[in-house]
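Me: Got a minute to go through a model with me? I'll paste it here.

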Amino acid sequence: MAQDNDLNIFGYFQSSFTHSLPAEDSTLGKTNNTFAVQQLNLFLSKNINDDFSAFVNVELVNSFSSERNWGGLNLEEAWMKYYNSDAFSIKAGLLIPRFNNLNEIKNRTPILPYAQRPLVYEASIADLISLEDFVPQRAYLQVYGNMSVADGAMFDYAAYVGNSNRAYIASANGVGYTRGADSTLFKMVGGRVGMKIGDLKFGVSS
């Protein structure tokens with residue numbers, strides 16, 4: 001962790017070791033041992049003034065190497081936040097929307113009390129299953145906040161909008177569209193309302 005002129009630089013990495021044994025009925029199989037850097041996240045944050053702050057999250061997965069074409073390097077988040085009060089804030093840019101508790105901390109693994117997250121929050125398998133079929137992966141504008149409604153009880157809400165499913169976004173091989181541009185007329189719209197009472201947090205997301 002580093003700090004210079006109010007620019008905070010921090011992050012973490014998560015490594016893994018896999019020991020694979022051949023199937024009992026296999027005559028060709030062999031034992032395999034593999035070390036990997038499963039995920040590395042580098043965060044940069046800066047408070048611009050009392051109302052505005054900025055945040056960037058760069059993520060590398062599966063022992064990323066551009067030379068050997070391993071893994072992936074992604075810009076996961078890059079947003080500005082306007083903070084009016086606990087009851088009203090706005091994020092604009094590339095962000096991970098509020099959907100449920102695990103989605104909010106999905107790339108902050110040290111917060112979780114286990115090493116392996118549920119698969120739909122595991123960035124290292126994003127090329128195997130479409131994670132956004134289960135939880136929203138990215139939005140571009142979000143209004144959210146929380147407020148006290150009773151002694152020890154908090155109400156929270158969020159509403160967000162983003163591009164359509166990544167399957168419809170023009171890729172590097174796209175023809176006729178700017179790379180990364182949404183080629184559809186529809187957008188993702190979502191939201192959440194919930195309550196927090198002590199350590200218990202519950203709500204509904206869509």
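Me: Which residues does Arg 192 touch, not counting residues up to four places away in sequence?
Reply: Keep in mind that this is a predicted model. Arg 192 touches Arg 98, Phe 99 and Asn 100, then Asp 156, Tyr 157 and Ala 158. Lys 201, Phe 202, Gly 203, Val 204 and Ser 205 are on the list too.

Me: Is Arg 192 buried or exposed?
Reply: Buried. The relative accessible area of Arg 192 is 7%, and the label applies because the cut-off for buried is under 20%.

Me: Which side chain does Arg 192 make a polar contact with at 3.5 Å?
Reply: That of Asp 156. Another polar contact, of 3.4 Å, links the Arg 192 side chain to the side chain of Ser 205.

Me: And which strand is Arg 192 in?
Reply: Strand β9, which covers residues 188-197.

Me: New topic. How many bridges pair β5 with β6?
Reply: Seven, in the antiparallel sense. β5 spans residues 70-85 and β6 spans residues 88-95.

Me: What do β5 and β6 form?
Reply: A hairpin, with two residues between the strands.

Me: Which residue in β6 is the bridge partner of Tyr 83?
Reply: Ser 89. On the β7 side, Ser 89 stands opposite Tyr 144.

Me: How many bridges join β6 to β7?
Reply: Five. β6 and β7 run antiparallel, and β7 takes in residues 139-150.

Me: General one: how are side chains arranged in a regular strand?
Reply: They alternate between the two faces of the sheet.

Notes
Residues numbered from 1 in each chain as written. Predicted model: local features only at pLDDT ≥ 70, side-chain atom pairs only at ≥ 80, totals over all residues. Heavy atoms only, no water. Pairing = 2+ DSSP bridges. Helix = DSSP H or I, 4+ residues; strand = E, 2+ residues; numbered from the N terminus. Buried < 20%, exposed > 50% of the residue type's maximum accessible area, 1.4 Å probe, protein only. Polar contact = N/O pair within 3.5 Å; in protein donor to acceptor, adjacent residues only side chain to side chain. Contact = heavy atoms within 4.5 Å.
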